[in-house]
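Trainee: I would like to take a close look at one part of this structure and how its surroundings are arranged. Could you walk me through it with some care?

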Amino acid sequence: MRTNVENFFLDLLFPKFCFRCKKEGSFLCQDCMSTLDILNSSFCLCKNPQRLPQAGKCYRCQAKKLNGLYFAISYKNNLVKNLIHQFKYDPYVKELSVSLSSLIITHLLTIQKSFDRDNSVLIPVPVTKKRKKLRGFNPSEEIAKELAKNLNLPLLADCLIKIKETRPQMELSAEERMENIKGVFAVENAEKIKDKKILLVDDVYTTGSTMEECAGALKGSGAFEVWGVVVAREE
Ligand SMILES: [Zn+2]
Ligand SMILES: [Zn+2]
């Protein structure tokens, strides 16, 4: 953790500019953030997601391991798409995790959802050790860290691990994605997740095959429920 003084000098050396309006101060200024259409309701996990009275899933999705999904905004939003892309591929904007997680927090406030510290834990969708080293950080973990601070929930980064490198899911069809991701996650320190409600954090939800695979591993090791928490959902 950096001190305020260190932050002050870092800001002087590497000033941040809003990705949209170029105003100095942050990667996404308050004005631009307020133009974003943060969702005020919950949707199912299905392909053409239907609105639900509260987060969860419809009768067609009952067989899925994931209990439901919280997402702040549609990935169709170009500004959000750009922010997430920058965040994933440019290590200099690691702090975008602050703006991205605040979108999630705004959504949770809007739908009046809070989580109980006694039984809920945050777990980021992991990358392999090698990938994390190459990139310097795991984007999902950075978002999860910010959520942990703001929602006052424990973050467990040593329970779900990725044991095999996979081809980028972006290049693959829905069926190929499922095959590509099968068996690549493992659970360690299972006692920490036993009977817990897991909030599984990622940046974007696309077909859901990654989250489904993670949810299977977590539930197989004793987790009570697994809920996805992402910034944006691709539709
Ligand atoms: Zn701005
Ligand atoms: Zn459904």
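Trainee: What covers the buried residues of α6?

Mentor: Bearing in mind that this is a predicted model, the cover over the buried residues of α6 includes three strands, β4 (120–124), β7 (197–205) and β8 (225–233), together with the helices α3 (78–89) and α4 (96–110). Helix α6 itself runs over residues 139–151, and its 13 residues reach 18 Å from the first C-alpha to the last, which is close to the 18 Å expected at 1.5 Å a residue. Ten of those 13 residues are buried, so that the helix is mostly covered; they are Pro 139, Ser 140, Glu 142, Ile 143, Ala 144, Lys 145, Glu 146, Leu 147, Ala 148 and Leu 151.

Among the covering elements, α4 can be described in detail: it packs against α6 at an angle of about 55°, with the two axes 9 Å apart. Angles between 35 and 65 degrees count as oblique, and α4 and α6 are therefore oblique to each other, in a crossing that is right-handed. From α4, the contact is made by Ser 97, Val 98, Leu 100, Ser 101, Ile 104 and Ile 105, while α6 brings Glu 142, Ile 143, Lys 145, Glu 146, Leu 147 and Asn 150. By character, the residues of this contact divide into six nonpolar, three polar and three charged. Several of the α6 residues named there, including Ile 143 and Leu 147, are also on the list of buried residues.

Finally, just after α6, Asn 152 takes a positive phi of about 55°.

Technical notes
Residues are numbered from 1 along each chain as its sequence is written. Chains are lettered from A and ligands numbered from 1 in the order in which they are written. This is a predicted model: local features need pLDDT of at least 70, side-chain atom pairs count only at pLDDT 80 or more; totals for chains, interfaces and linings use all residues. Helices (H or I, at least four residues) and strands (E, at least two) are DSSP runs, numbered from the N terminus. The expected span of a helix is 1.5 Å times one less than its number of residues. A residue is buried if 20 or more other C-beta atoms lie within 10 Å of its own, exposed if 12 or fewer, and partly exposed in between; C-beta atoms are placed from the backbone. Two residues are in contact if their C-beta atoms, placed from the backbone, lie within 7 Å. Axes are lines fitted to C-alpha atoms, for helices over the stretch in contact, and angles run from 0 to 180 degrees between N-to-C directions. Angles under 35 degrees count as roughly parallel, over 145 as roughly antiparallel, 65 to 115 as roughly perpendicular and the rest as oblique. A crossing is left-handed if the near helix is turned anticlockwise from the far one by less than a right angle, and right-handed if clockwise. Ala, Val, Leu, Ile, Met, Phe, Trp, Tyr, Cys and Pro count as nonpolar, Asp, Glu, Lys and Arg as charged, and the others, Gly among them, as polar.
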